[in-house]
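Biologist: Please take a close look at one part of this protein for me, the surroundings of the ligand. Then work outward from there.

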Amino acid sequence: MDAMTSQVPATTDLADPHFWRLPAPARAAAFAELRRRPAPVYFGDRATGRGFHALVRHADVVEASRTPAVFLSGPGVTTPEPARWVRLLFGDSMVNLDDPRHAQLRRIVSRAFTPRLLARAEEDIRRTAARLVDEVERRRPEDFVAAVAAELPFQVICTMMGIPERPRRAILDQVNHASEHTGVARPLRRRVRMPGRGLLALARMQGMVAAIGRERRRTPADDLITALVTADVDGRRLTGRELGAFFSLLLVAGVETTRNALAHGLHLLTVHPEQRALLLADLDGRLGGAVDEIIRHATPIIQFRRTLAVDHELGGPGGPLLRAGEKVALFFGSANQDETVFPDPDAFDITRTPNPHLGFGGGGPHYCLGAHLARQEMSVLFRELFTRLPEVRSVGEPDLVPSSFDHRIRGLRFTF
Ligand code: HEM
């Protein structure tokens with residue numbers, strides 16, 4: 001069977017930035033309709049290869065994630081592809097690599113995430129969360145994102161890496177600048193893109209980190225940068241360029257995602273008072289379930305792309321044919337709404353069991369490296385908040401940034 005290029009309502013063009021500006025219920029309805037189709041719909045011009053098959057069902061996203069020899073990451077995982085010069089200049093981060101280079105890099109990085117480092121990170125998360133809540137009580141800020149949600153994951157990654165206090169503020173400014181434009185739908189531009197404006201910011205930040213890496217090679221410290229630049233896995237350690245690329249990845253993959261998850265979490269627990277009451281009645285018993293349901297419901301990363309290495313029939317022989325060289329977009333948020341896997345998928349239900357959401361990816365070699373850390377950060381912060389400020393709530397609607405890449409919240413007013 002050939003994959004369908006079929007007719008979908010004109011408003012459902014996932015390749016068009018306008019689609020990502022539609023109200024959330026309209027987008028959800030479009031994805032529900034796409035999930036009911038017998039085959040993935042192709043968006044764009046299939047004849048020229050400018051476009052992608054939209055994988056919107058849970059099973060299809062899992063299959064693509066766990067068949068990395070067929071579904072390649074090497075050509076790039078964002079849409080559209082970064083220009084070649086960008087990759088030459090910045091080096092490849094591990095999301096954009098396939099085996100054997102991906103496995104090699106991931107081994108170096110995974111070895112650096114030792115149990116000791118993670119135990120220290122947990123202590124640091126507790127300390128930082130307590131300090132942020134102290135500051136909330138003292139300064140009574142209005143925006144939860146700037147005061148708490150963005151701050152916690154950033155400080156945690158910086159401490160873990162061993163970034164000194166002094167350049168942190170400048171680095172955070174560069175990150176905000178770089179990521180503000182990722183996948184943002186502009187009304188007058190046809191493509192959802194990652195424009196060059198953020199690249200200079202990234203380059204500056206990578207320069208700062210490479211300099212710290214050189215310093216650590218001379219004078220090792222007890223931190224992740226030292227572990228990465230001195231690691232000797234299969235005779236390899238990270239080069240300055242790889243270190244810069246990895247740090248950028250951590251900042252975008254680890255800070256932005258967690259910040260958005262925390263902000264969505266506070267809002268979800270505000271607009272679902274019965275779920276909030278359940279959680280507060282048994283924080284120890286319910287926090288883990290609440291964190292995963294927040295990730296499922298909010299799905300901080302909307303989509304990643306893969307490219308077909310060979311022709312492939314999706315779901316097995318006789319399934320829709322995806323051709324070598326074609327692109328597929330893995331829509332994690334749609335998979336997390338798949339009614340064949342999640343009964344009543346719209347409901348925010350912290351008791352949902354099982355909850356096999358794909359918020360951290362569909363499994364396979366690229367599965368989120370920071371899933372454990374992210375869950376820890378969310379649990380510790382929500383415990384601290386709800387224990388010390390039991391009246392904490394979001395106020396009004398979150399200030400959402402339209403994007404095809406992440407469910408970003410620019411600001412969220414709150415009260416306690
Ligand atoms: C709620 C927070 C987070 C969410 C929703 C999230 C989501 C994701 C997703 C969807 C992927 C792609 C998986 C795939 O393609 O199969 C990914 C990869 C990754 N994440 Fe996370 N992430 C979060 C937090 C973090 C944190 C805290 C870190 C920092 C340690 C991190 C580091 C990474 C890295 C390094 C990768 C690339 C792994 C590879 O390509 O091998 N993430 N994440």
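What follows starts at the ligand and moves out through the helices around the ligand to the rest of the fold.

Modeller: A caveat comes before anything else: this is a predicted model. Now the ligand. Its shell holds 28 residues. Gly254, Thr257, Gly361, Cys368 and Gly370 are the closest. By class, 17 of the shell residues are nonpolar, 10 are polar and one is charged. Two helices each give at least two residues to this shell: H11, residues 240-271, and H15, residues 371-388. The largest share is that of H11, with seven residues.

H11 deserves a closer view. Take leucine 251, which lies in this helix. Is leucine 251 buried or exposed? Leucine 251 counts as buried because 24 other C-beta atoms lie within 10 Å, and 20 are enough for that label. Setting aside neighbours within four places in sequence, leucine 251 is in contact with Ile157 and Val175. Cysteine 158 is 93 residues away from leucine 251 along the chain, yet the two C-alpha atoms are 9.0 Å apart.

H11 also matters for the nonpolar interior. The largest nonpolar core has 72 residues, and Ile157, Leu228 and Leu243 touch the most other members. H11 gives the most to this core, 14 residues. A second core is separate and has 31 residues, among them Ala30, Phe31, Ile301 and Phe405. Back to leucine 228. Not counting residues up to four places away in sequence, leucine 228 touches Ile108, Val109, Ala112, Leu238, Leu243 and Phe246.

Next, H13, which spans residues 283-298. Its buried residues are Ala290, Val291, Asp292, Glu293, Ile294, Ile295, Arg296, His297 and Ala298. They pack against H11, H15 and helix H12, residues 273-281. H11 and H15 are also the helices named above for the ligand shell. Just past the end of H13, threonine 299 has a positive phi of about 35 degrees.

H15 turns up again beside H5. H5 covers residues 115-139, 25 residues in total. From first C-alpha to last, H5 reaches 36 Å, close to the 36 Å expected at 1.5 Å a residue. Buried in H5 are Ala121, Ile125, Thr128, Ala129, Leu132, Val133 and Val136. Many such spacings recall a general rule. An α-helix has 3.6 residues a turn, so residues three or four places apart point the same way. The cover over the buried residues of H5 includes H15, helix H6 at 144-149 and helix H7 at 151-161. After H5 comes arginine 140, with a positive phi near 50 degrees.

One strand pair is worth a stop. S1, residues 42-45, and S2, residues 50-55, pair in the antiparallel sense over four bridges. Glycine 44 faces glycine 51 of S2. Four residues sit between the strands of this hairpin, and glycine 49 there takes a positive phi near 80 degrees.

Last, the whole chain. The protein has 416 residues, and 45% of them count as buried. There are 15 helices and nine strands. Of the contacts between residues at least 6 apart in sequence, 72% join residues at least 24 apart.

Conventions: Residues are numbered from 1 along each chain as its sequence is written. This is a predicted model: local features need pLDDT of at least 70, side-chain atom pairs count only at pLDDT 80 or more; totals for chains, interfaces and linings use all residues. Two strands pair if DSSP finds at least two bridges between them. A residue is near a molecule or strand if its C-beta atom, placed from the backbone, lies within 6 Å of it. Ala, Val, Leu, Ile, Met, Phe, Trp, Tyr, Cys and Pro count as nonpolar, Asp, Glu, Lys and Arg as charged, and the others, Gly among them, as polar. A residue is buried if 20 or more other C-beta atoms lie within 10 Å of its own, exposed if 12 or fewer, and partly exposed in between; C-beta atoms are placed from the backbone. Two residues are in contact if their C-beta atoms, placed from the backbone, lie within 7 Å. A nonpolar core is a set of buried Ala, Val, Leu, Ile, Met, Phe, Trp, Tyr and Cys residues joined through C-beta atoms within 7 Å. The expected span of a helix is 1.5 Å times one less than its number of residues.
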